[in-house]
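Reader: Please take one helical part of this model and look at it closely. Then relate it to the rest of the chain, with contacts and burial stated residue by residue where possible.

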Amino acid sequence: MRGLVLRSTGSWYEVKGVNNVIYRCRTRGKLRLSGIKTTNPLAVGDYVEFQQVEKTFEGVIDEIHSRENYIIRKSIKNKNHGHIIAANIDQSMLVATIAYPKTSLGFIDRFLVSAEAFRIPQIIVFNKTDLLDKKSERLLAEYINTYESIGISCLKASATNNKGINIIKEHLEGKKTLISGHSGVGKSTLINCISPELELSTSEVSDFAEKGVHTTTFAEMFELENSTFIIDTPGIKELGLMDIEEEELSDYFPEMRALIGECKFHNCKHIHEPGCAVKEAVEKGTIAVSRFKSYISMLEDSDNRR
């Protein structure tokens, strides 16, 4: 039977069959997709073939269908392997905050690059706008201007005040959306506003460290209505890039990709080379300095925690 993986706990998987029944499944032996070294053979969003255990709601998965796309990060436990966050998604939504806790621009850019590598459309939801003072509001306006200028949809929301929820729902309608972000940005609270019946557990941000507490343990897909799915993920502290070569990294920055062919050298890395169109654009202000710094950080494979 063909099924869709809704939840992965590492060894057991909840799979929705074509009959709309959810089965608790395990894998038969070691399932791997060729060419991808990952710590998790299956991810939420994967389509699989499984055999139902007779007269039970359990099954055995014996085949993974090819993925249309996926978002991957470096494994925390094994830096030579990746961890698939989700597969076969229509768009990615990053929940970010200007404060309590602050989401770094470096983290935002790494998330965007991970999605752009598969041309997965990206949305940034800036949550907790009710907590912003005048200075923070100006900073938020700068962030939104930076990202909207390169084609990233930016939304403002306050899960506490239930503001911006309807426009988020409109963006989710009819799509499979990965929702991610640092712990403490209000992701679970936001999802509860979108779909109260899910009743996801939430937690307060620590006043001492201004960091969130993990409330989601495993990635899980929820069907809000026909053809509308969201994938809730555990809070991410860092996002190490995988499967992206140095020479192709700039292709995943839309503003840099637009300048392909304009540098003096065809293999320009946009660092020290003369006649670099990207560096000229940074100097002119048509490419944001913060974005260029993120690009350099990724080339150096620097850690991008908050």
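Author: The part chosen is α7, and the cover over its buried residues includes α6 and α8. The model is a predicted one. In α7 the buried residues are A277, V278, K279, A281 and V282. Helix α7 spans residues 277-284, and just after α7 comes G285, with a positive phi of about 90°.

V278 is a useful residue to start from. V278 lies in helix α7, and its relative accessibility is 1%, so V278 counts as buried. Once neighbours within four places in sequence are set aside, the contacts of V278 are M256, L259, C263, H270, I287 and F292. M256 falls within α6, which covers residues 254-257. F292 is one of the buried residues of α8. V278 and F292 are 14 residues apart along the chain, and 8.7 Å separates their C-alpha atoms.

The α8 side of this arrangement can be described in the same way. Helix α8 runs over residues 289-299 and is mostly covered, with eight of its eleven residues buried. Those residues are R291, F292, S294, Y295, I296, S297, M298 and L299. The cover over them includes α7, and also α1 (105-116), α2 (134-148), α5 (246-249) and α6. After α8 comes D301, which has a positive phi near 55°.

Two cysteines belong in this account. C268 has a relative accessible area of 12%, so C268 is buried. The cysteine sulfur closest to that of C268 belongs to C276, and the two do not form a bond because 3.8 Å is too far. For a disulfide the sulfur atoms have to be within 2.5 Å. Over the whole structure, the search finds zero disulfides.

Next, the cores. The largest nonpolar core has 34 residues, and I108, I124, F126, Y147 and L178 touch the most other members. Two or more residues of this core come from each of β1 (2-8), β7 (82-87), β8 (91-96), α1, β9 (122-126), α2 and β13 (228-232). Its largest share is the six residues from α1. Apart from this core lies another one, of 20 residues, and A277, V278, A281 and M298 are among its members. A277, V278 and A281 are buried residues of α7, while M298 is a buried residue of α8.

Y147 gives a view of the α8 surroundings from the other side. Not counting residues up to four places away in sequence, Y147 touches L105, I108, D109, L112, I124, I152, C154 and R291. Of these, R291 is a buried residue in α8. Y147 itself is among the residues with the most contacts to other members of the largest core.

Another helix can be set beside α7. Seven of the eight residues of α4 are buried, so α4 is largely enclosed by the rest of the structure. The buried residues in α4 are K187, S188, L190, I191, N192, C193 and I194. Strands contribute to the cover of α4: what covers its buried residues includes β8, β9, β11 (176-180), β12 (220-225) and β13, together with α3. C193 has 18% relative accessibility and so counts as buried; the cut-off for that class is under 20%.

The packing of α3 (residues 165-172) on α4 (residues 187-194) is at an angle of about 85°, with 10 Å between the axes. That angle makes α3 roughly perpendicular to α4. At their meeting place, I165, I168, K169 and L172 of α3 face L190, C193 and I194 of α4.

For contrast, consider a loop residue. T39 sits in the loop between β3 (22-27) and β4 (47-52). The relative accessible area of T39 is 39%, so T39 is partly exposed. T39 and H81 are 42 residues apart along the chain, with their C-alpha atoms separated by 6.3 Å.

The totals for the chain give the setting. The protein chain has eight helices and 13 strands. Of its 306 residues, 51% count as buried. Taking contacts between residues at least 6 apart in sequence, 64% join residues at least 24 apart. The chain exposes about 15400 Å², of which carbon and sulfur atoms supply 47%.

Note on methods: Residues numbered from 1 in each chain as written. Predicted model: local features only at pLDDT ≥ 70, side-chain atom pairs only at ≥ 80, totals over all residues. Heavy atoms only, no water. Buried < 20%, exposed > 50% of the residue type's maximum accessible area, 1.4 Å probe, protein only. Helix = DSSP H or I, 4+ residues; strand = E, 2+ residues; numbered from the N terminus. Contact = heavy atoms within 4.5 Å. Core = buried A, V, L, I, M, F, W, Y, C linked by side-chain atoms within 4.5 Å. Areas by Shrake-Rupley, 256 points an atom, 1.4 Å probe, with all protein chains shown as cover. Axes fitted to C-alpha atoms, helices over the stretch in contact; angles between N-to-C directions. Parallel < 35°, antiparallel > 145°, perpendicular 65-115°, else oblique.
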